[in-house]
Amino acid sequence: MIFPYQQILEPKLWSDINSKLLAPNKPISSTILPPRKILNKTLKAPNSLSSNIITEENALRISSWIDKRESRLTKYTKNNPYEFKLLVRRSRDGFNVKTIYEICDKISSIVIVLKVKDTGEVLGGYNPCVLDKNKDEWIHSQDSFAFSLKTKNSILSRVKNFDHAIANFPKQSKLFFSNVLCLVGNLKTEKNCCSLQNEFSYEKPVRSEKFTDSILSDKSGFNVEEYEVFKIQKK
């Protein structure tokens with residue numbers, strides 16, 4: 001049925017459509033535009049999460065930790081109040097910790113997430129303070145934390161020793177959330193990343209006991225399959 005469209009079509013085009021239906025081979029005089037180009041790419045909604053590691057649900061959980069609402073996560077808004085802006089991705093920007101310092105220099109409120117090679121664990125940390133690529137120093141923070149994201153029973157480890165919350169050591173190619181999460185050198189080829197048992201600086205380890213130790217060892221060291229760094233800001 002084409003009659004409902006009569007009011008929105010030009011009279012000449014309406015006449016041509018009717019003629020075409022009655023006589024398909026009869027030429028028409030109306031100008032027929034070519035088909036519009038089909039867009040094959042999938043469009044993402046504004047502020048949607050761009051990550052190869054974490055999901056929107058993971059981002060919501062991290063946001064609740066930033067706002068210290070972990071005990072009320074079920075009541076936390078489903079609309080994340082924070083935007084996760086991707087700054088660094090290992091597979092795109094490089095493997096070395098120095099890359100994080102170069103790209104994130106003078107930037108605060110960042111979340112680092114990483115996937116451990118072979119185990120698939122997703123670990124990370126939140127640093128509310130500014131990174132500085134030009135000097136080695138310990139950063140004071142009362143709000144930083146490290147974490148392990150799991151389908152069930154994710155681990156949150158908040159800072160306890162505020163004066164030694166973040167090890168900002170660009171000259172040594174090291175970035176530590178004290179000893180609870182240590183990123184060192186080339187994250188792909190050097191098995192120097194670790195999560196140690198140290199309850200002095202943070203509340204708890206973020207890996208299971210079989211992967212942690214009180215000192216760096218072959219058992220505790222790991223490679224990183226992928227990592228991402230996000231700038232966290234209010235929408």
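**View 1. The whole protein and its surface.** In this predicted model, the accessible surface of the protein adds up to about 14,000 Å², and carbon and sulfur atoms account for 50% of that area. The chain has 235 residues, 44% of them buried. You'll find 4 helices and 10 strands here, and reading along the sequence gives the pattern α-α-β-α-α-β-β-β-β-β-β-β-β-β. Take the contacts between residues at least 6 apart in sequence: 60% of them join residues at least 24 apart.

**View 2. Helix 2, mostly under cover.** Helix 2 spans residues 56-66, and 8 of its 11 residues are buried. Those buried residues are N58, A59, L60, I62, S63, S64, W65 and I66. So what sits over them? The cover includes strand 1 (82-89), strand 2 (110-116) and strand 3 (122-127), along with strand 5 (145-149), strand 6 (155-158) and strand 10 (224-234). Just past the end of helix 2 comes K68, which takes a positive phi of about 60°.

**View 3. The four-stranded open sheet.** This open sheet lines up its 4 strands in the order 4-7-8-9, with antiparallel pairing. Strand 4 (137-139) and strand 9 (181-184) are the edge strands, each pairing on one side only. From one strand to the next, the twist averages 15°.

**View 4. Strands 7 and 8, with helix 4 packed on the sheet.** Strand 7 (residues 166-169) and strand 8 (residues 174-177) pair in the antiparallel sense, over 3 bridges. To get your bearings in this pair, look for A167, which stands opposite F176 in strand 8. Helix 4 (residues 97-104) packs on the sheet and touches strand 7, strand 8 and strand 9. The direction of helix 4 makes about 85° with that of strand 8.

**View 5. The cysteines.** How many disulfides does the model have? The count comes to 0. C193 is in no disulfide: the nearest cysteine sulfur belongs to C194 and is 7.5 Å away, whereas a disulfide would need the two sulfur atoms within 2.5 Å. Is C193 buried or exposed? C193 counts as buried, because its relative accessibility is 0%. Now turn to C104: its relative accessible area is 0%, so C104 is buried too.

Methods
Residues numbered from 1 in each chain as written. Predicted model: local features only at pLDDT ≥ 70, side-chain atom pairs only at ≥ 80, totals over all residues. Heavy atoms only, no water. Pairing = 2+ DSSP bridges. Helix = DSSP H or I, 4+ residues; strand = E, 2+ residues; numbered from the N terminus. Axes fitted to C-alpha atoms, helices over the stretch in contact; angles between N-to-C directions. Contact = heavy atoms within 4.5 Å. Buried < 20%, exposed > 50% of the residue type's maximum accessible area, 1.4 Å probe, protein only. Areas by Shrake-Rupley, 256 points an atom, 1.4 Å probe, with all protein chains shown as cover.
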